[in-house]
Amino acid sequence: MNWKLAGMAVAAALALPAQAQQSGEAVYKSICFACHATGAANAPKLGDAKAWTPLIKEGQAVLTAHAWVGVRGMPPKGGNPNMSLEDFSKAVAYMANSAGGKWKDPDPKMLAAIQAEEKKRIADLAKKK
Ligand code: HEC
């Protein structure tokens, strides 16, 4: 292992996400819109305040975690196994904000809260089986 090269690779990997940062809107348009623009399979539609108001009330960490794990017609990770939690949660915030929410792109604290809710959700779902 060449540690100097490895260090450079890590530095490059750390620098990349900053450039490749996707906005919630871009993530939404990359995949979520396929269902959430039309309301396919009962997906809450972008900008539909009636559909989103009760979801927004669940809170950002809970709602994001539930959608991330998957709910009925909503596939885990929005159907993209390579989706990062950060990009996914930005897209959730984008959709919530389209319908009256005031959510921010998640900071590390919010991401940790989402991950805690994700664990709870998975444990709850396992109990029901
Ligand atoms: C294949 C269709 C499909 C795609 C693609 C999809 N969704 Fe969904 N989504 C649904 C459906 C259907 C529901 C409604 C699930 C239900 O409550 O029965 C839903 C519900 C949700 C909810 C509400 C979850 C809840 O607890 O009620 C959120 C948030 C969400 N989606 C976010 C996203 C994001 C973010 C993406 C893109 C990264 C995405 N979805 C991509 C179909 C999709």
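Helices here are DSSP runs of H or I at least four residues long, numbered from the N terminus. With that in hand, we can walk through this structure, which is a predicted model.

Helix α6 (residues 108-128) is a good place to begin, since Lys127 and Asp124 both lie in it, three residues apart, or about one turn of the helix. An α-helix has 3.6 residues a turn, so residues three or four places apart point the same way. The side chains of Lys127 and Asp124 do meet, in a salt bridge with 3.6 Å from N to O. Lys127 counts as exposed, at 67% relative accessibility, while Asp124 is partly exposed at 37%.

Now turn to helix α5 (85-97), where another pair sits three residues apart: Lys90 and Asp87, again about one turn of the helix from each other. These two form a salt bridge as well, and their closest N and O atoms are 4.0 Å apart. How accessible are Lys90 and Asp87, though? Buried means under 20% relative accessible area. Lys90 has a relative accessible area of 3%, so it is buried, and Asp87 counts as buried too because its value is 17%.

A further pair takes us to helix α2. Glu25 and Lys29 are four residues apart there, which means that about one helical turn separates them. Their side chains join in a salt bridge, at 2.7 Å from N to O, and Glu25 is partly exposed, with a relative accessible area of 34%. In general, side chains of opposite charge can pair when their charged atoms come close. The salt bridges in this model come to four, and the one between Glu25 and Lys29 is among them.

Stay with α2 a moment longer and look at its path. Where does α2 bend? The bend is at Ser30, and it is about 60 degrees. This helix covers residues 24-36, 13 in number, yet its end C-alpha atoms are only 14 Å apart, short of the 18 Å that a straight helix would reach.

Several residues of α2 are buried, namely Gly24, Val27, Tyr28, Cys32 and His36. The buried residues of this helix pack against α3 (49-57) and α5.

That brings us to the ligand, which is surrounded by 24 residues. The closest are Cys32, Cys35, His36, Arg72 and Met74. A side-chain N or O atom of His36 lies 2.8 Å from a nitrogen atom of the ligand. For Arg72, the partner is an oxygen atom of the ligand, 2.8 Å from an N or O atom in the side chain.

Definitions and conventions: Residues numbered from 1 in each chain as written. Predicted model: local features only at pLDDT ≥ 70, side-chain atom pairs only at ≥ 80, totals over all residues. Heavy atoms only, no water. Helix = DSSP H or I, 4+ residues; strand = E, 2+ residues; numbered from the N terminus. Expected span 1.5 Å × (residues − 1). Bend = angle between axes of the 7 residues up to and from the residue. Buried < 20%, exposed > 50% of the residue type's maximum accessible area, 1.4 Å probe, protein only. Contact = heavy atoms within 4.5 Å. Near = heavy atom within 4 Å. Polar contact = N/O pair within 3.5 Å; in protein donor to acceptor, adjacent residues only side chain to side chain.
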